[in-house]
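Please open the model in your viewer and keep a selection panel at hand, since this tour moves from one selection to the next.

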Amino acid sequence: MELGHVVVLAGGLSYEREVSLRSGRRVADALRALDIPVELRDTDATLLDALATDPPDVVFPVLHGAAGEDGSIRDVLELLGVPYVGARPDACRVAWDKPTAKAVVARAGLSTPASVALPKEIFHDLGAASVLDRIVDRMGLPLMVKPTRGGSALGASVVRDADELPAAMVGCFAYGDTALVERYVEGTEVAVSVIERDGEPYPLPAVEIVAAGGRYDYTARYDAGDTEFVTPARLSPETAERVTAAAVTAHRALGLRDLSRTDLIVDSSGEVHFLEVNVAPGMTETSLLPRAIAAAGLDLSQVCRDLLAQRFT
């Protein structure tokens, strides 16, 4: 197998554009280290003509946020007949919508925090104060508020006092029209990445996330030094096995392909709770998938090449 023309897609117009560009550069550099010809491209008006005129062997999408993870760009690649790394469009659409993904993995047997997903129109039509009061009465505190779609913790916040909830909703609606409000689970936050080998999901060691101030927000994710990452996570062997099994279950239940990252919380009793899944994990210097690859004793360049090889026809 000889890859003669690979395109890495990065950038886009989502809120996560800068992170995507950093991820794309790292993937491109990793492949070039193996002397694989790589073209790093943005999703602009020249892309489709370029792909049609000089079709690549494989595309490696490293687009975060809308279009990159909601299946849209993959639909376009399928229209062009261009092979690509990662989940198919339909699976992306299911995983991209957090309430839908939670429902799918719950049917597959995973525990996920109780939640409600409400569009901002509900608060306008029924009265924000009344709706928020009912949420607190029913679900208690603390709560996690986040957009139903999107990543990098943009618009997400923990609410420990009912008085904080209105501001949290405003912050959430700045990044999306529907809010997911779920019961906040205290515990150890871990991320488990899955890569496929010969079509079978292979879980990597869990990465434990210890954010300064307890908030793994956008800054903590992408500014080196703001968060401590422990790999492998400080879990008992039995719990470590459960979190990796949960990630594989989510990967399979959602119909994902090639790679994914599942975010989980392990509570004080050792129960594992599914939070969300990412079909285009970050690949920056502070991202979790590259850390897990290194902890598994694997080489990022080789992993990226193997993912391409699985789609090269």
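Which residue has its charged end over the ring of Tyr202? Select Tyr202 together with Arg197 in this predicted model, and you will find the charged end of Arg197 over that ring, 4.4 Å from its centre. A second arrangement of this kind can be displayed by selecting Arg257 and Tyr84, where Arg257 lies over the face of the tyrosine, at 5.1 Å from the ring centre.

Turn next to the aromatic pairs, of which a search of the whole structure finds two. For the pair of Tyr15 and Tyr175, the ring centres are 4.8 Å apart and the planes stand at 70°, and because an angle over 60 degrees counts as edge-to-face, the pair is placed in that class. If you colour the model by secondary structure, Tyr15 appears in the loop between strand 1 (6-9) and helix 1 (17-32), while Tyr175 appears in the loop between helix 8 (165-173) and strand 7 (178-183), so the pair ties together parts that are 160 residues apart in sequence. With a surface switched on, Tyr15 counts as exposed at 57% relative accessibility, whereas Tyr175, at 32%, is partly exposed.

Now select Phe123 and Phe173, whose rings have their centres 5.8 Å apart and their planes at 65°, so that this pair is edge-to-face. Here too distant parts of the chain are linked, with Phe123 in helix 6 (residues 120-126) and Phe173 in helix 8, 50 residues apart. Phe123 is buried at 9% relative accessibility, and Phe173 is also buried, with a relative accessible area of 19%.

The next stop is the interior, where a search of the whole structure finds one cavity of 30 Å³ or more. Its volume is about 60 Å³, and to see its walls you can select Phe60, Pro61, Val62, Arg74, Val85, Gly86, Leu259, Val279, Ala280, Pro281 and Met283. Sorted by class, this lining has nine nonpolar residues, one polar residue and one charged residue.

Finish with the cysteines, for which the count of disulfides comes to zero. What is the closest cysteine sulfur to that of Cys92? It belongs to Cys304, and at 17 Å the two sulfurs are too far apart for a bond, because a disulfide requires sulfur atoms within 2.5 Å. Cys92 is buried, with a relative accessible area of 0%, and when you select Cys172 you will find a buried residue as well, at 0% relative accessibility.

How values were computed: Residues numbered from 1 in each chain as written. Predicted model: local features only at pLDDT ≥ 70, side-chain atom pairs only at ≥ 80, totals over all residues. Heavy atoms only, no water. 1 Å grid on protein atoms, 1.4 Å probe; cavity = no way out; pocket = protein on both sides within 12 Å on 5 of 7 lines; lining within 4 Å. Points joined across faces, edges and corners; volume = space filled by probe spheres on them. Nonpolar A, V, L, I, M, F, W, Y, C, P; charged D, E, K, R; others polar. Phe/Tyr/Trp six-rings, centres within 6.5 Å; stacked < 30°, edge-to-face > 60°. Helix = DSSP H or I, 4+ residues; strand = E, 2+ residues; numbered from the N terminus. Buried < 20%, exposed > 50% of the residue type's maximum accessible area, 1.4 Å probe, protein only. Lys NZ or Arg CZ within 6 Å of the ring centre and 35° of its normal.
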